[in-house]
Amino acid sequence: MFRGSSSVALDSKGRLAIPARYREVILSACNGSMVITLNNTKERCLWLYTIDEWVKVERKIVELPSFNPEHQKLKRFVVGHANDVDMDSNGRILLPAHLREFAGMDKTAFIIGQGNKFEIWSKEQWITKQAEWLEEPLDPSAITLEMEQLSI
């Protein structure tokens, strides 16, 4: 559903304009109702889901056993920081201040399509992480069976 990347400005109230090419898809899929939360890794970006996709993800996370410390951490970060957001008539969503602070967002962000969700990065973090990823050597042991079976 969502692919590609866009540089977007944040206004003084912390609103981000969803790129125009996605707005109709979002409106038809969920009438503009979305959920934004923290990324569950050490990367300082946000995840933005349509409400329908979020319900699927949240159900899977909530069903994980809470006695596992990694599962509990995932619940705390992803579900515990989830915020409902609605796209306004201008295609904007308000990024909660504590999430903007977590991701280090100020004036410019990058929105990256990930199929069922968007990643939202601060401009500085996005540039830094891209450079790091490009410099990392390929680790053949990290290639999963699912990756091996891809034919692209």
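This is a short chat about a predicted model, covering its sheet, its helices and its cysteines.

Me: Let's start with the sheet. What is the strand order?
Reply: The order is E1-E7-E8-E4-E3-E5. That is an open sheet of six strands, with antiparallel pairing.

Me: Which strands are at the edges?
Reply: E1 and E5, the latter spanning 83-86. Each of these edge strands pairs on one side only.

Me: How are neighbouring strands turned against each other?
Reply: By 30° on average, ignoring direction.

Me: Which helices pack on the sheet?
Reply: H1 and H5 are among them. H1, residues 20-30, touches E1, E3, E4 and E8. The direction of H1 makes about 110° with that of E3. H5, residues 123-135, touches E7 and E8. Its direction makes about 100° with that of E8.

Me: Zoom in on E7. Is that strand mostly covered or mostly open?
Reply: Mostly covered. E7 runs over residues 108-113, and five of its six residues are buried.

Me: What joins E7 to E1?
Reply: Five bridges, with the two strands antiparallel. E1 covers residues 5-9. Ser5 has Ile112 of E7 as its bridge partner. Ala9 is matched with Thr108, again in E7.

Me: And how many bridges join E7 to E8?
Reply: Five, and this pair also runs antiparallel. E8 covers residues 117-122. Phe110 has Trp121 of E8 as its bridge partner.

Me: What sits between E7 and E8 in the hairpin?
Reply: Three residues. Gly115 is in that turn, with a positive phi of about 85°.

Me: Staying on E8, is Ser122 buried or exposed?
Reply: Buried. Ser122 lies in E8, and its relative accessible area is 1%.

Me: What does Ser122 touch, leaving out residues up to four places away in sequence?
Reply: Ala103, Gly104, Met105, Thr108 and Ala109. Thr108, as noted, is the bridge partner of Ala9.

Me: New topic, H3. Which of its residues are buried?
Reply: Gln72, Leu74, Lys75 and Val78 are buried in H3, which spans residues 69-79. Those four cover an arc of only 160° around the axis, so they sit on the same side of H3.

Me: What covers them?
Reply: The cover includes strand E3 (33-38), strand E4 (46-50) and helix H2 (51-62).

Me: What is on the face turned away from the buried side?
Reply: The exposed residues Pro69, Glu70 and Arg76.

Me: Which residue caps the N-terminal end of H3?
Reply: Asn68. One of its side-chain oxygens lies 2.8 Å from the backbone nitrogen of Glu70. Glu70 is also one of the exposed residues on the outward face.

Me: Last one, cysteines. How many disulfides are there?
Reply: Zero, from a search of the whole structure. Cys30 is in no disulfide, and the nearest cysteine sulfur to it belongs to Cys45.

Me: Why no bond for Cys45?
Reply: Because its sulfur is 20 Å from the closest cysteine sulfur, in Cys30, which is too far for a bond. The cut-off for a disulfide is within 2.5 Å.

Me: Are those two cysteines buried or exposed?
Reply: Cys30 is buried, with a relative accessible area of 9%. Cys45 is buried too, at 0%.

Technical notes: Residues numbered from 1 in each chain as written. Predicted model: local features only at pLDDT ≥ 70, side-chain atom pairs only at ≥ 80, totals over all residues. Heavy atoms only, no water. Buried < 20%, exposed > 50% of the residue type's maximum accessible area, 1.4 Å probe, protein only. Pairing = 2+ DSSP bridges. Arc of directions from axis to C-beta. Contact = heavy atoms within 4.5 Å. Polar contact = N/O pair within 3.5 Å; in protein donor to acceptor, adjacent residues only side chain to side chain. Axes fitted to C-alpha atoms, helices over the stretch in contact; angles between N-to-C directions.
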